[in-house]
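Visitor: I should like to learn how the features of a protein model are read. May we work through one example together?

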Amino acid sequence: MEYNSYDYGAFFFVGLILVIIVVAGITSSGQERKKVEKLSQPNSRLKLKDKEMSSLLKELSGWINNCKKCSGNQYYIEEANSLQFSLRCSHCNSKKTLKTNEAFHKIEVLESIVSCFNEIIAIMNRDKIIQDYILNIDFNKRNAPINKYVDSLENKYFSYKRLKKSIKYGQDISQLRVFSEGSKLDEALKRLETKKVDGLETKRGKNDLFKPFGSCS
Ligand SMILES: [Zn+2]
């Protein structure tokens, strides 16, 4: 069999494409490895923020009691803004609302959680972490370095759904889990009771002060 110059040209072209695909593959996996190395350093901002989120969620636990309906102690954050959180019991789906400005106390940690979450998403978007994670899932590379890294974080920040021809994904605060512990609520209640007692005493003191002189005979 003889090849004419047209065939050689075709071989060359196919070869070139193959080389480009292989080189692109090596470069992208090299880039991914470099990215993961950077992200894994102890002072990596994403790692630090993830740890911060864990401690903020722990603080939030103090403001939540067990579910009234089923006594469950695990919730997810269904909706959140800096003024209000909607929590859902993971067990029975009962809803609970927490406000930054409750009647007798402030739950400032709500605002901190929202801004920490936003910062984490900003880092993930900037470094294309979510996109790469999803791309690897799509190519069945669940053990790729970036996926292992994301799975090693203490909290989850995004979700994905496989559709017929694509994967839908995005940031998702409801991936955060929070346990009820209630100690901060107890403290606030105690403070409120002491205040009430103090208030009564002050009132009595004032009454004493305004007792008219010489009223006793
Ligand atoms: Zn429940």
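Guide: The discussion below takes up the overall make-up, then the sheet, then two of the helices. Please bear in mind throughout that this is a predicted model.

Visitor: Which elements does the chain contain, and in what order do they run?

Guide: The chain has six helices and six strands. Read from the N terminus on, the elements follow the pattern α-α-β-β-β-α-α-α-β-β-β-α. Buried residues account for 16% of the 217 residues in the chain. As for contacts between residues at least 6 apart in sequence, 57% of them join residues at least 24 apart.

Visitor: How should one read a sheet, and what is the strand order here?

Guide: Strands of a sheet pair through backbone hydrogen bonds, and the pairing is either parallel or antiparallel. In this model, four strands form an open sheet in the order 3-2-1-6, with antiparallel pairing. Strand 3 (95-99) and strand 6 (177-179) are the edge strands, each pairing on one side only. From one strand to the next, the twist averages 35°.

Visitor: How many bridges join strand 1 to strand 2, and how many residues does the hairpin between them have?

Guide: Six bridges join strand 1 to strand 2, and the two run antiparallel. Ala80, for instance, has Phe85 in strand 2 as its bridge partner. The hairpin that connects these strands passes through two residues.

Visitor: Which pairings complete the sheet on either side?

Guide: On one side, strand 2 (residues 84-89) is joined to strand 3 by five bridges, again in antiparallel fashion. Gln84 has Lys99 in strand 3 as its bridge partner. The hairpin of strand 2 and strand 3 has five residues between the strands, and Asn93 in that hairpin takes a positive phi near 70°. On the other side, three bridges join strand 1 (residues 74-81) to strand 6, and these strands run antiparallel. There, Tyr75 stands opposite Val178 in strand 6.

Visitor: Turning to the helices, how does the span of helix 3 agree with its number of residues?

Guide: Helix 3 (residues 109-126) has 18 residues, which at 1.5 Å a residue should span 26 Å; the end C-alpha atoms are 26 Å apart, in agreement with that value. Just after helix 3, Lys128 takes a positive phi of about 55°.

Visitor: Which residues of helix 3 are buried, and where do they lie around the axis?

Guide: The general idea is that an α-helix has 3.6 residues a turn, so residues three or four places apart point the same way. In helix 3, the residues Val109, Leu110, Ile113, Phe117 and Ile120 are buried. Seen down the axis of helix 3, these buried residues fall within an arc of 105°, and therefore they line one face of the helix. The face turned away from that buried side carries the exposed residues Ser115, Ala122 and Arg126.

Visitor: What do the buried residues of helix 3 pack against?

Guide: They pack against helix 2 (45-61) and against strand 1, strand 2 and strand 3. Helix 3 thus brings us back to strands of the sheet described above.

Visitor: As a last case, is Tyr133 buried or exposed, and why?

Guide: Tyr133 lies in helix 4 (residues 129-138). The cut-off for a buried residue is 20 or more other C-beta atoms within 10 Å. Tyr133 counts as buried because it has 22 C-beta neighbours inside 10 Å.

Visitor: Which residues is Tyr133 in contact with, beyond its neighbours within four places in sequence?

Guide: With those neighbours left aside, Tyr133 is in contact with Ile146, Asn147 and Val150. In addition, Tyr133 and Asp151 are 18 residues apart along the chain, and their C-alpha atoms are separated by 9.8 Å.

Conventions: Residues numbered from 1 in each chain as written. Predicted model: local features only at pLDDT ≥ 70, side-chain atom pairs only at ≥ 80, totals over all residues. Pairing = 2+ DSSP bridges. Axes fitted to C-alpha atoms, helices over the stretch in contact; angles between N-to-C directions. Buried ≥ 20, exposed ≤ 12 C-beta atoms within 10 Å, placed from the backbone. Contact = placed C-beta atoms within 7 Å. Expected span 1.5 Å × (residues − 1). Arc of directions from axis to C-beta.
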